[in-house]
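Colleague: Hi! I'm new to this one. Could you walk me through it?

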Amino acid sequence: MPFPTTLLPVPLAPEISLHLVDRPVGLFDLTGNEYRSDRPPPFWAFVWAGGQALARYVLDHPETVRGRHVADLATGSGVAAIAAALAGAAAVTVTDVDPEAVAAAHRNAAANHVTLSDGETDPDVILAGDVFYSPTVAEQIDRQLRRWRQRQKQVLVGDPGRGFFPERLFEPLAEYTVPVAAALEEADELTTTVWRMR
């Protein structure tokens with residue numbers, strides 16, 4: 001791990017603790033302010049609003065995942081996956097384009113005394129937190145989520161109003177005021193909705 005993290009409670013879901021950067025820094029501050037297409041920035045070092053909202057929703061509505069197989073796409077820190085495991089999911093898998101994120105999710109799961117898997121599965125429920133942050137990523141995620149939904153899978157997304165969220169495809173389930181790092185979001189909190197794909 002290229003920079004230090006501290007085990008901290010998640011602001012909206014304090015039942016969960018994650019290894020996170022505890023300094024007031026932005027995402028690209030950790031990369032020396034450079035972007036490299038061959039190496040994703042360390043999204044996993046922060047807990048994002050969409051993931052927090054999904055985690056809170058799943059913890060408050062455990063029937064959503066209890067006894068089911070759950071997949072957390074673009075897992076980042078693993079907060080939504082860990083919430084699903086704590087809420088009684090039969091199995092939880094995590095995927096991310098960044099292998100360091102998958103490693104971070106497993107490290108965070110161990111800190112919360114739950115187990116995650118990685119790799120492709122046939123889930124019943126798909127979780128995706130804060131994934132519509134750029135046009136390219138949004139298009140890829142949109143295609144992937146539509147494929148799952150066509151197979152009658154339940155798809156839940158946490159989104160804090162990112163500009164590329166295809167709202168017409170979803171119905172709102174819950175709304176939260178999520179504490180966030182001002183260095184990341186230029187705000188102390190974001191109104192974040194948990195959506196279900198139609």
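Modeller: Happy to; we can take a helix, then a strand, then two loops, and keep in mind that this is a predicted model.

Colleague: Great, let's start with α3. How far apart are its end C-alpha atoms?

Modeller: They are 19 Å apart. Helix α3 covers residues 99-111, and its 13 residues at 1.5 Å a residue should span 18 Å, so the two values agree.

Colleague: Which residues of α3 are buried?

Modeller: Ala 101, Val 102, Ala 104, Ala 105, Asn 108 and Ala 109. Looking down the axis of α3, you find these buried residues within an arc of 160°, so they line one face of the helix.

Colleague: What do they pack against?

Modeller: The buried residues of α3 pack against two strands early on in the list, β2 (17-20) and β4 (91-94), along with helix α2 (79-86) and β5 (117-118).

Colleague: And which residues are exposed on the other side of α3?

Modeller: Over there, Pro 99 and Ala 110 are exposed.

Colleague: What about the start of α3: which atom does the side chain of Asp 98 reach?

Modeller: A side-chain oxygen of Asp 98 comes to within 2.9 Å of the backbone nitrogen of Glu 100. Past the helix, α3 is followed by His 113, which has a positive phi near 60°.

Colleague: Switching topic to β7. Is it mostly covered or mostly open?

Modeller: Strand β7 (residues 154-159) is mostly covered, with five of its six residues buried.

Colleague: Which strands does β7 pair with?

Modeller: With β6 (residues 125-129) it pairs in the parallel sense over five bridges, and Leu 156 is the bridge partner of Leu 127. To get from β6 to β7 the chain passes through helix α4 (residues 135-150), and this β-α-β crossover is right-handed. Strand β9 (residues 189-197) runs antiparallel to β7, joined to it by four bridges. There, Asp 159 has Thr 193 as its bridge partner.

Colleague: Nice. Now the loops: what is phi of Ala 74?

Modeller: Near 50°, which is a positive value in a residue other than glycine. Ala 74 sits in the loop between β3 (69-73) and α2.

Colleague: Why does Ala 74 count as partly exposed?

Modeller: Because its relative accessibility is 34%, and partly exposed runs between 20% and 50%.

Colleague: And Glu 186, where is that?

Modeller: Glu 186 is in the loop between α5 (182-185) and β9. Its phi is positive too, near 55°, and Glu 186 is exposed, with a relative accessible area of 77%.

Methods:
Residues numbered from 1 in each chain as written. Predicted model: local features only at pLDDT ≥ 70, side-chain atom pairs only at ≥ 80, totals over all residues. Heavy atoms only, no water. Expected span 1.5 Å × (residues − 1). Buried < 20%, exposed > 50% of the residue type's maximum accessible area, 1.4 Å probe, protein only. Arc of directions from axis to C-beta. Contact = heavy atoms within 4.5 Å. Polar contact = N/O pair within 3.5 Å; in protein donor to acceptor, adjacent residues only side chain to side chain. Pairing = 2+ DSSP bridges. Right-handed = clockwise from strand over helix to strand, strands pointing away.
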